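Here is a short tour of how the helices of one protein pack together and where empty space is left between them. Please keep the viewer open as you read.

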Amino acid sequence: MELPQLQIARYVEQFVDYLMLYHAQAFEAIKAPILAILFNIENGLTILPWWILCLSAFVLGWWLAGLRNGITYSILLFVIYWIGLWDLMLLTLAIVLTSILIALLFGIPLGILMAKFNYVEKILKPILDAMQTTPTFVYLLPAIMLFGIGKAPSVIATVVYAIPPIIRLTSLGIRQVSKLSLDVADAFGCSWWQKLCKVEFPQALPVISTGINQTTMMALSMVVTSSMIGAKGLGLEVLSAIGYLDIGKAAEAGICIVFLAIVLDRITQNIAKKFAKGTDYGKDIRN
């Protein structure tokens, strides 16, 4: 006796059709703030001359990790400008920064909840497993159907792909805070919010910084994929080069993506390290 075939595809299609028919306004409401954040970041980046961003990278690198790193970051950005892909890099950077911002905005609180409540962890773990193992092309199609083609579904797909590391590592960092530190905080009469802000989060910051770096790198790895659904930038340049078998054009865009990834990775990593190093865990615990 043969079992009847499980029609998963039909049920998924019916569910998406239901969402599109009855909840279209909800998805438009989600789309609007994403586009607002993206356009503000994009406009802010495009109005700045190229040399200001290079100088900013130099100053940040010098402050965070020394003169040599500052020079390296500024040279990498200058090479992108020299190649002639500066404007496309800014479009890519705007999408990546928007995705990282949204991922951190939701990921860090979810990681804290995951660390504090075991039932939240039990709910989120299989969801995060699915988000990390499902091929990106699988959820690109629902994103297109629900949000249309353009920058908004690109940001949403990037967030879905990049948010699991920051959730997991925030939870791990909070759980690894020593019991002695928590007992001292309790002895001084700290509320749960004071313990979180002045004890747990500062001590978890080195681990959280790893999650921020992984989220940044995963967001950048979606550059080419998101270009398939309407995101302009370096990813679209790579995609068009592949279509025309233009290896030189693909190499130029690929080099720019790598240089941008190096700069973002080092800056975010060093910012987190600097704040973690400068945090006094016992300071003002009684306040």
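## A word on residue classes

Ala, Val, Leu, Ile, Met, Phe, Trp, Tyr, Cys and Pro count here as nonpolar, Asp, Glu, Lys and Arg as charged, and the others, Gly among them, as polar. By that scheme, the lining of the largest pocket holds 24 nonpolar and 4 polar residues, and no charged ones. Please bear in mind that this is a predicted model.

## The overall picture

What does the secondary structure of the protein come to? It comes to 13 helices and 0 strands. Reading from the N terminus on, the elements run α-α-α-α-α-α-α-α-α-α-α-α-α. Along the principal axes, the C-alpha atoms fill a box of roughly 65 × 65 × 40 Å.

## Helix α5 and its partners

Two packed helices are described by the angle between their axes and the distance between the axes. Let us begin with helix α5, residues 86-116, and helix α10, residues 192-221: they pack at an angle of about 135 degrees, and their axes lie 10 Å apart. Angles of 35 to 65 degrees or 115 to 145 degrees count as oblique, and α5 and α10 are therefore oblique to each other. The crossing in which α5 passes α10 is right-handed. On the α5 side, the contact is made by V96, I100, A103, L104, I108, I112 and K116, and on the α10 side by L196, E200, F201, I212, T215, T216, A219 and L220. Sorted by class, the residues of this contact are 11 nonpolar, 2 polar and 2 charged.

Helix α5 also packs against α8, at an angle of about 35 degrees and with the axes 7 Å apart. Here too, α5 passes its partner α8 in a right-handed crossing. The contact of α5 with α8 is made up of 16 nonpolar, 7 polar and 2 charged residues.

## The pair α3 and α4

How far apart are the axes of α3 and helix α4? They are 6 Å apart, and α3 and α4 (residues 67-83) pack at an angle of about 155 degrees. Since angles over 145 degrees count as roughly antiparallel, that makes α3 roughly antiparallel to α4. The two helices cross in a right-handed way.

In this contact, W50, L53, C54, A57, F58, G61, W62 and A65 of α3 meet L67, N69, G70, I71, Y73, S74, L77, F78 and Y81 of α4. Its residues divide into 13 nonpolar, 4 polar and no charged.

## Two pockets

Rolling a probe the size of a water molecule over the atoms shows where empty space is left. The largest pocket contains about 600 Å³ of space. It is lined by 28 residues, of which L97, L264, I267, T268 and I271 are the closest to its centre. Two or more lining residues come from each of α3 (50-65), α5, α10 and α13 (247-277). Helices α5 and α10, whose packing is described above, thus meet again in this lining.

The second largest pocket has a volume of about 330 Å³. Which of its 17 lining residues are the closest to its centre? They are I102, F106, V159, V160 and I163. The elements giving two or more residues to this lining are α2 (24-46), α5, α6 (118-133) and α8 (151-175). Of these, α8 gives the most, with 5 residues. By class, the lining of the second largest pocket has 17 nonpolar, no polar and no charged residues.

## One cavity

How many cavities of 30 Å³ or more does a search of the whole structure find? The search finds 1. About 80 Å³ of space lies in the largest cavity, and among its 15 lining residues the closest to the centre are T92, I95, V223, S226 and A231.

Helices α5, α11 (223-227) and α12 (234-243) each supply at least two residues of the cavity lining. Its residues are 8 nonpolar, 6 polar and 1 charged. Helix α5 is thus named for the lining of the largest pocket, of the second largest pocket and of the largest cavity.

Terms used: Residues are numbered from 1 along each chain as its sequence is written. This is a predicted model: local features need pLDDT of at least 70, side-chain atom pairs count only at pLDDT 80 or more; totals for chains, interfaces and linings use all residues. Side-chain values use heavy atoms; hydrogens and water are left out. Axes are lines fitted to C-alpha atoms, for helices over the stretch in contact, and angles run from 0 to 180 degrees between N-to-C directions. Helices (H or I, at least four residues) and strands (E, at least two) are DSSP runs, numbered from the N terminus. A crossing is left-handed if the near helix is turned anticlockwise from the far one by less than a right angle, and right-handed if clockwise. Contact means heavy atoms within 4.5 Å. On a 1 Å grid over the protein atoms alone, a cavity is a set of points where a 1.4 Å probe fits but cannot get out, and a pocket is an open set with protein on both sides within 12 Å along at least five of seven lines; lining residues have an atom within 4 Å of a point. Grid points are joined across faces, edges and corners, and a volume is the space filled by probe spheres set on the points.
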